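Subject: Structure handover

Hello,

Here is the structure for you to load. Please open it next to this message and follow along.

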Amino acid sequence: MDSVSGTQKPLIVLKARKGFSAIPFRDLLMYRDLLMTLALRDVKLRYRQTALGAIWVILQPLAGAGLFSFVFGTVAKLPSDGIPYLVFSFVGMLCWNVFSVTLGKSSASLIGNAHLVSKVYFPRLILPLSTVPGVLLDFLIGLGMFAVLAVIYGVPLSVNILALPLILAIAFMMALGLGMYFSSLMVTYRDVQYVIPVLVQFLLFASPVAFSISAIPPKFQALVGINPVVGMIEAFRWCLLGTPVTNVGGVIYSAIFAVGSFFLGALAFQRMERRFADVI
């Protein structure tokens with residue numbers, strides 16, 4: 001009962017959803033303005049009081065690609081499928097950053113907004129989803145730098161680039177699925193925030209970010225292919241560089257893993273949502 005107006009306020013009850021209702025599309029649509037506000041806040045906070053601003057989005061993958069180019073290309077002399085090693089590793093970093101940054105931000109989204117979760121009602125799923133626009137903006141800036149490198153090194157673009165949005169969706173879905181699950185666990189078990197950076201670092205060196213899958217001995221390629229990020233990165237390079245895909249089945253596996261992890265992550269998130277405000 002509202003003490004001022006004397007009217008009865010509607011009671012909102014959080015219940016675990018089942019099946020495809022694990023993703024509350026109607027609620028997300030209703031609170032879309034909040035989602036965009038949180039996304040815009042994330043972008044503003046990231047570049048506030050920085051001298052270089054958005055240039056960091058270019059410098060970080062470029063510096064990483066330069067280091068990988070020297071270590072794996074110049075010193076180890078690993079193959080890069082006929083592509084200049086700097087461009088080859090830069091594209092790998094672009095894809096990896098979409099996955100790793102989305103995973104990191106979405107995993108910490110509940111803890112980072114604990115004051116909102118404990119005081120105000122809104123679909124909590126908005127918090128991990130709000131990380132996507134900022135990461136997408138960074139990706140588009142990095143994609144502009146790739147275009148510059150492609151012109152400098154004479155790397156032609158092919159019609160494969162039309163499939164880029166699909167591969168990008170796979171990267172986002174995979175990262176969000178894992179991120180939603182980890183963010184739910186982090187509310188109760190704060191140790192998870194220390195496990196994720198280790199997991200991400202391990203995946204970085206277990207994935208063909210800085211090297212071609214063809215550089216791995218054939219007898220070990222099946223073992224490496226268990227990592228779902230492998231097929232995603234190969235498909236990403238195929239889109240931008242036209243490099244061959246070693247294992248088409250690996251790309252299909254990455255897509256299935258991404259969709260499955262997104263659905264299961266959302267389902268786990270919704271089942272644990274009703275405890276967030278009490279535990280956080």
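The notes below go from the overall fold to pockets, a salt bridge, a cavity and a few single residues.

Please keep in mind that this is a predicted model.

**Overall fold**

The protein chain has 13 helices and zero strands. Read from the N terminus, the order of elements is α-α-α-α-α-α-α-α-α-α-α-α-α. The chain counts 280 residues, and 45% of them are buried.

**Largest pocket**

The largest pocket has a volume of about 320 Å³. Its lining consists of 16 residues, and those closest to the centre are V57, Q60, N97, V101 and D138. Four elements each give two or more residues to this lining: helix 2 (32-47), helix 3 (55-75), helix 4 (85-107) and helix 8 (131-153). Which of them gives the largest share? Helix 4 does, with six residues. By class, the lining has 10 nonpolar residues, three polar and three charged.

**Second largest pocket**

The second largest pocket has a volume of about 250 Å³. It is lined by 13 residues; R41, D42, K105, S109 and N113 are the closest to its centre. Helix 2, helix 4 and helix 5 (109-112) each contribute two or more residues to the lining. Here the largest share comes from helix 2, with four residues. The class split is four nonpolar, six polar and three charged.

Helix 2 and helix 4 are thus on both lists: they help to line the largest pocket and the second largest pocket.

**Salt bridge**

How many salt bridges does a search of the whole structure find? It finds one. The partners are K105 and D42, with their closest N and O atoms 3.8 Å apart. K105 is in helix 4 and D42 in helix 2, so the pair ties together parts that are 63 residues apart in sequence. The cut-off for a salt bridge is 4 Å, so the 3.8 Å of this pair falls within it. K105 has a relative accessible area of 27%, so it counts as partly exposed. In general, side chains of opposite charge can pair when their charged atoms come close.

Both partners belong to the second largest pocket too: D42 and K105 are among the residues closest to its centre.

**Cavities**

There are two cavities of 30 Å³ or more in the structure. The largest cavity has a volume of about 50 Å³. Its lining is made of D81, F88, P208, F211, S212, I213, E234, R237, T243 and P244. These divide into five nonpolar, two polar and three charged residues.

**Loop between helix 3 and helix 4**

Most residues other than glycine have a negative phi. Two residues in this loop are worth a look for that reason.

- K77 sits in the loop between helix 3 and helix 4. Its phi is positive, near 55°, and it is not a glycine. Is K77 buried or exposed? K77 is exposed, with a relative accessible area of 64%.
- D81 is in the loop between helix 3 and helix 4 as well. D81 has a positive phi of about 55°, although it is not a glycine. Its relative accessibility is 29%, so D81 counts as partly exposed. D81 is also one of the residues that line the largest cavity.

**Nonpolar surface patch**

L67, F70, V71 and V75 make a nonpolar surface patch of about 380 Å². V75 lies in helix 3. With 54% relative accessibility, V75 is over the 50% cut-off and so counts as exposed.

**A contrast in helix 4**

M93 is in helix 4. Is M93 buried or exposed? M93 has 9% relative accessibility, so it counts as buried. K105, in helix 4 too, is partly exposed at 27%. The C-alpha atoms of M93 and L204 are 9.6 Å apart, while the two residues are 111 residues apart along the chain.

**Where to look**

To see these points in the model, start with K105 and D42, the salt-bridge pair. Then turn to V57, Q60, N97, V101 and D138 for the largest pocket. Finish with L67, F70, V71 and V75 for the nonpolar patch.

Best regards

Methods: Residues are numbered from 1 along each chain as its sequence is written. This is a predicted model: local features need pLDDT of at least 70, side-chain atom pairs count only at pLDDT 80 or more; totals for chains, interfaces and linings use all residues. Side-chain values use heavy atoms; hydrogens and water are left out. On a 1 Å grid over the protein atoms alone, a cavity is a set of points where a 1.4 Å probe fits but cannot get out, and a pocket is an open set with protein on both sides within 12 Å along at least five of seven lines; lining residues have an atom within 4 Å of a point. Grid points are joined across faces, edges and corners, and a volume is the space filled by probe spheres set on the points. Ala, Val, Leu, Ile, Met, Phe, Trp, Tyr, Cys and Pro count as nonpolar, Asp, Glu, Lys and Arg as charged, and the others, Gly among them, as polar. Patches are made of residues with over 30% relative accessible area and no salt bridge: like charges are joined within 9 Å, nonpolar side chains (Val, Leu, Ile, Met, Phe, Trp, Tyr) within 5 Å. Accessible areas come from the Shrake-Rupley method with a 1.4 Å probe; for residues, only the protein chains shown count as cover. A salt bridge is a side-chain nitrogen of Lys or Arg within 4 Å of a carboxyl oxygen of Asp or Glu. Buried means under 20% relative accessible area, exposed over 50%, partly exposed in between (1.4 Å probe, protein chains only).
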